[in-house]
Structures are given as structure tokens and as C-alpha cells.
Amino acid sequence: MLALGKLLELTLTDHEPAEKTQVTPKGVRLRWLGEGALEVRPAESEDCGLDLLLSAGIHGNETAPIELLERLLHGVANGQIKPRARVLFLFGNPAAIRKGERFIEQDINRLFNGRHELSSGFEALRAAELEQFARVFFNKPERTRLHYDLHTAIRGSKIEQFALYPFKEGRKHSRRELARLAAAGMEAVLLQSKSSITFSAFTYEQLDAEAFTLELGKARPFGQNEQVNLDKLEERLVQIIEHTEPETDASLDGLKLFSVAREIIKHSDSFHLHLPADIENFSELSKGYLLAEDLAETRWVVEEEGARIIFPNPKVRNGLRAGILIVPDSGQRLE
Ligand SMILES: O=C(O)CCC(=O)N[C@@H](CCC(=O)O)C(=O)O
Ligand SMILES: [Zn+2]
């Protein structure tokens, strides 16, 4: 296998490859762009016009998606996968991946869309660098742009695999992309209703990519991911890369849709979340339930019918989201 196919090994050992570009016997070009960043380019005659960004390890302890990208890259480097799309592989937070932690100083996934400029430290610098990798990758006109940012969650979930679809004023969520996600094994999609500071929000809002955060199961250390079944997603990603994807049925039968009712923001150290520590994502909360309290007698009471909670986390920094309250969505505003 070409040495550049070992991007994960290079990243884990903080090693810069001697040879930055390598070409497979079939004319597929692999180019190392920097730490944790590798571009794959098919021969011009094979290129199907899709630019696909695959990122993982934005949170360093979310290893199943990192292992998935490594398998795909090995497949490309040893000729088993025959790319017809340009693909950018990114490992988001190499220092945190090496330590097996979500982040070192601060959560990179709260530093996009300009937030890194208001901050400092290496995670802010890395967020700026990731934005630049994405900006350069998606700068070619008249090509289709797609970004999947792969994650796993801190806690168990009543719905194991789901996507978060960013929001931009005046832009509609695509039914076709949702059908593609369903075919890739996603059981639910959360339609965002406001701008955000995550990586997928950046590529969606600023680079005009179709972009998603994919949540794929529970975060576990390297080599302990046998409970995270990524077969359907892997199969679909190979088809997207090879341009052999079957036409997807545009009906969204079986795919659950949700929208954000409210983001729960932790304002102070007095923030208290009234949920059991082991509560699962998508747990239902009844109307009238006192979800959280904060200083100045702030109270978060559930008012919505059919409300559920995802990503509850009282340990986030003040000013950041400590959970998302979601409600079922009819899908009427899809394009
Ligand atoms: O399990 C959790 O609490 C967080 C899992 C995770 O990392 N989720 C992403 C979602 C990003 C998005 O909102 O698109 C995150 O919180 O960064
Ligand atoms: Zn994550």
C-alpha cells in the first residue's frame, strides 16, 4: 500500500511524510496537505465532478469514525476502492486523538464560523486551519460539494445513528440528501433552525456544501468499536466515492425527522441540569418538566409536546449549549 494511505499512523505518531504526493498504478493521486489532511484525486478522465469532504476526530475520543476513514483510505491506497470523486480526508484534532480525549483545551466543534478568531490556543488555530483546508478543497466552481463530519456521542441513544443538518437563511434542506442518509443507515435527522459554530455548519453556510454531522453510536477507545455497526454507511461511502451509488427512492419512509425547539445554554457555574447522569439521547420529556436551572432564577421548563433531549452535558463551558430540546418535524419545508 502507498505510504500516504497510512494517514492515521502518520497522524498518531505526529510524523511528516518524506514524500508528499504519491500516485497509484491507476493514476489516483494522494497528496498530504498537512497534519491529518490528505487529498485524493482521481485521474481527470475518471472524475465524476463530486468533491467529498470526510472528517472525523474533531473530537479525539470518537474513534469508530476515525477507524472508518482509515479503512476507506487504505482501500484507496491499495487500489481496492477506485475513486471517481475528489475526496479530502481530515482528522480534526490530532493532539486530542493522540490522547484519546474529546479535546485538550477547548472543543474545536465550537470554534468554527469565525469563533476561532475570538479565541486562542492550538485548538483555535486548528479550527482556522481546518476551515482553510475545506475552503481550498471546495473552491472549484461547478462541482458538487458534500461534507460528512463523523462523530460518536458521549452517551447511549434511543436512536443510535442520526444526522444533524445545518441551517442557512433562505436555503432549504434537501429531500434527496435525506434519502441518501437513510440509505446510509441513518435512522433520524435533526433539522437545525439557526446558524451554528460547528464544522458542518461552516461548510454548509459558507462553502455551499451539503453538509452533515453524523452521529454513529457511542464513543469508545480504538479497537473497542465492535458494537458500532458502520456497514451501511461504509458501503454507501464507497459507492459515493466510486460513483456507483444506486438511485435512491426519494420517499423518506422510516426516517424520523426532528427540529430544534430550543438549545439549552449554560450561562454560569450555577447551572444545574435535572436529568439522570445516564439518560440516553432522544429520551422523551413531558410537558411541565423542570429541565434545568441557572443563576438569576432562570428556569428551563419543557413546554413542547413530544419533546426529547439530545446531547445533555452540564460540564460544558459557560456560554455553550448544554443540551438540545427537539420535537418531531413533519418535513413540510423540505425541498
Ligand atoms: O454526545 C454529545 O453530547 C456530543 C456528541 C457530539 O460531539 N456532537 C456534535 C454535534 C455537532 C452538531 O451540532 O452538528 C457536537 O456536539 O459537536
Ligand atoms: Zn463529536
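What follows is an exchange about the ligand site, the zinc site and two loop residues of a predicted model.

Colleague: What makes the residues around ligand 1 its shell, and which come nearest?

Modeller: A residue counts as near if one of its heavy atoms lies within 4 Å of the molecule. Around ligand 1 there are 15 residues, and N109, R110, I154, T213 and E215 come nearest. The shell divides into 4 nonpolar, 6 polar and 5 charged residues.

Colleague: Why is the pair between ligand 1 and the side chain of N109 called a polar contact?

Modeller: The limit for a pair of N or O atoms is 3.5 Å. An oxygen atom of ligand 1 is 2.8 Å from an N or O atom in the N109 side chain, so the pair meets the definition.

Colleague: What distances apply to the side chains of R321 and H151?

Modeller: For R321, an N or O atom of the side chain is 3.0 Å from an oxygen atom of ligand 1. For H151 the corresponding distance is 3.5 Å. The protein covers 98% of the 430 Å² of accessible area that ligand 1 has on its own.

Colleague: Where does ligand 1 sit, and which elements give two or more residues to its shell?

Modeller: Ligand 1 sits in the largest pocket. The elements in question are β6 (144-153) and β9 (210-218).

Colleague: How do you know that H59, E62 and H151 are donors to the zinc ion (ligand 2)?

Modeller: For zinc, a donor is an N, O or S atom within 2.8 Å of the metal. The ND1 atoms of H59 and H151 and two OE entries of E62 coordinate the ion at 2.0 to 2.3 Å, so they qualify as donors. In sequence the donor residues are spaced H-x2-E-x88-H.

Colleague: Why can E62 and H151 be said to tie together separate parts of the chain?

Modeller: E62 lies in the loop between β4 (50-56) and α2 (63-77), while H151 is in strand β6, so the pair ties together parts that are 89 residues apart in sequence.

Colleague: What makes the phi values of D14 and E297 worth listing, and where are these residues found?

Modeller: Phi of D14 is near 55 degrees, a positive value in a residue other than glycine. D14 is found in the loop between α1 (7-12) and β1 (21-23). E297 also has a positive phi, near 55 degrees, and is likewise not glycine; its loop runs between β13 (290-294) and β14 (298-301).

Technical notes: Residues numbered from 1 in each chain as written. Chains lettered and ligands numbered in written order. Predicted model: local features only at pLDDT ≥ 70, side-chain atom pairs only at ≥ 80, totals over all residues. Heavy atoms only, no water. Polar contact = N/O pair within 3.5 Å; in protein donor to acceptor, adjacent residues only side chain to side chain. Areas by Shrake-Rupley, 256 points an atom, 1.4 Å probe, with all protein chains shown as cover. 1 Å grid on protein atoms, 1.4 Å probe; cavity = no way out; pocket = protein on both sides within 12 Å on 5 of 7 lines; lining within 4 Å. Sits in = over half its atoms within 2 Å of the grid points. Helix = DSSP H or I, 4+ residues; strand = E, 2+ residues; numbered from the N terminus. Nonpolar A, V, L, I, M, F, W, Y, C, P; charged D, E, K, R; others polar. Donors = N, O, S within 2.8 Å, 3.2 Å for Na, K, Ca; no water.
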